[in-house]
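Biologist: I'd like to go through this one with you and ask where each label comes from. Can you take me from the value to the word each time?

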Amino acid sequence: MDDISRVKNLIIAMRVIGIFFIFAIYPLMAWIWPSGWGWTPRQPEYERIIAGAFATLGVFLVIGSKYPLKYINLIWFTIWLNLVYATIMLLMVAVDRSGEKNLFGNIPVQYLIAGILWYLLPKNARKLKKIIYGVR
């Protein structure tokens, strides 16, 4: 896939992921699939904080999707946030098996989101950014 195609698909991915973060994280944790997206024992206050943080990130992803190359740092932050979050959850499940349904819920989704964004980042993002926006 060439860099122009990557950017076009990145725009779509940022919007879809952003909307997912805004509208789906909390319902998944609270009502739809709490065992796969929440904690055992339940910690609703903490889950609302996490959902709020992801919703905020989702808003910025949707905003940034208009000019994704100007928001490379936001995209890298989202990639690393999801990698770290999923890895911490994976380690928590390794220590405490009560959360093992997360192995089929939020853990693979977080890794998938990080992988999609990483794959869609243009390989020559700095060069493209300079050409398109006239910046370094």
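Modeller: Gladly, and keep in mind that this is a predicted model. Let's start with a side chain: that of S65 reaches the backbone oxygen of V62 at 2.6 Å.

Biologist: What makes the 2.9 Å pair between the side chains of S65 and R15 a polar contact?

Modeller: The cut-off is 3.5 Å for a pair of N or O atoms, one able to donate a hydrogen and the other to accept it. The S65 and R15 side chains are joined at 2.9 Å, so the pair counts as a polar contact.

Biologist: Where does S65 sit, and why is S65 called buried?

Modeller: S65 is in the loop between α4 (44-64) and α5. Buried means under 20% relative accessible area. S65 comes in at 1%, so it counts as buried. Setting aside residues up to four places away in sequence, S65 touches I11, M14 and R15.

Biologist: Another loop residue, then: why is G38 called buried?

Modeller: G38 has a relative accessible area of 1%, so it goes down as buried. G38 lies in the loop between α3 and α4. Apart from neighbours within four places in sequence, its contacts are E47 and N102. As for Y71, 33 residues from G38 along the chain, the two C-alpha atoms are separated by 30 Å.

Biologist: On to the helices. How do you know that helix α5 has a span close to the expected one?

Modeller: Take 1.5 Å times one less than the number of residues. Helix α5 covers residues 72-95, which is 24 residues, and the expected span is 34 Å. From first C-alpha to last, α5 reaches 35 Å, close to that expectation.

Biologist: And what does the same check give for α6?

Modeller: α6 has 15 residues, with 21 Å expected, and reaches 21 Å from its first C-alpha to its last.

Biologist: Which residues of α6 are buried, and what covers them?

Modeller: The buried ones are N106, I107, Q110, I113, A114, L117 and L120. Their cover includes α1 (3-23), α3 (34-37), α4 and α5.

Biologist: Let's test one of them. What makes N106 buried?

Modeller: The relative accessible area of N106 is 0%, so N106 is buried. N106 belongs to helix α6, residues 106-120. Leaving out neighbours within four places in sequence, N106 is in contact with G36, W37, Y85 and M89. Y85 and M89 are among the buried residues of α5.

Biologist: And I107, why is that one called buried?

Modeller: I107 is at 4% relative accessible area, so it is buried. I107 is also in helix α6. Not counting residues up to four places away in sequence, I107 touches A86, M89, L90, V93 and N102. A86, M89 and V93 are on the list of buried α5 residues.

Biologist: How far is I107 from D3 in sequence and in space?

Modeller: They are 104 residues apart in sequence and 29 Å apart in space, C-alpha to C-alpha.

Biologist: Now I17: why is I17 called buried, and what is it in contact with?

Modeller: I17 has a relative accessible area of 6%, so it is buried. I17 is placed in helix α1. Beyond neighbours within four places in sequence, its contacts are L61, I113 and L117. I17 and L61 are 44 residues apart in sequence but 7.6 Å apart in space, C-alpha to C-alpha.

Biologist: What about helix α2: which residues are buried there, and what do they pack against?

Modeller: In helix α2, residues 25-32, the buried ones are I25, P27, L28, M29 and A30. They pack against α1, α3, α4 and α5.

Biologist: Stepping back, how many helices and strands does the chain have, and how much of it is buried?

Modeller: There are seven helices and zero strands. Of the 136 residues in the chain, 42% are buried. Along its principal axes the C-alpha trace spans about 50 × 25 × 20 Å.

Biologist: What share of the contacts with a separation of 6 or more comes from residues 24 or more positions apart?

Modeller: Those account for 72% of them.

Biologist: And what supplies the exposed area?

Modeller: The chain exposes about 8000 Å², and carbon and sulfur atoms supply 69% of it. As for charge, the mean positions of the 15 positive and 6 negative charges are 16 Å apart.

How values were computed:
Residues numbered from 1 in each chain as written. Predicted model: local features only at pLDDT ≥ 70, side-chain atom pairs only at ≥ 80, totals over all residues. Heavy atoms only, no water. Helix = DSSP H or I, 4+ residues; strand = E, 2+ residues; numbered from the N terminus. Buried < 20%, exposed > 50% of the residue type's maximum accessible area, 1.4 Å probe, protein only. Contact = heavy atoms within 4.5 Å. Areas by Shrake-Rupley, 256 points an atom, 1.4 Å probe, with all protein chains shown as cover. Lys, Arg positive; Asp, Glu negative; His and termini not counted. Charge placed at Lys NZ, Arg CZ, Asp CG, Glu CD.
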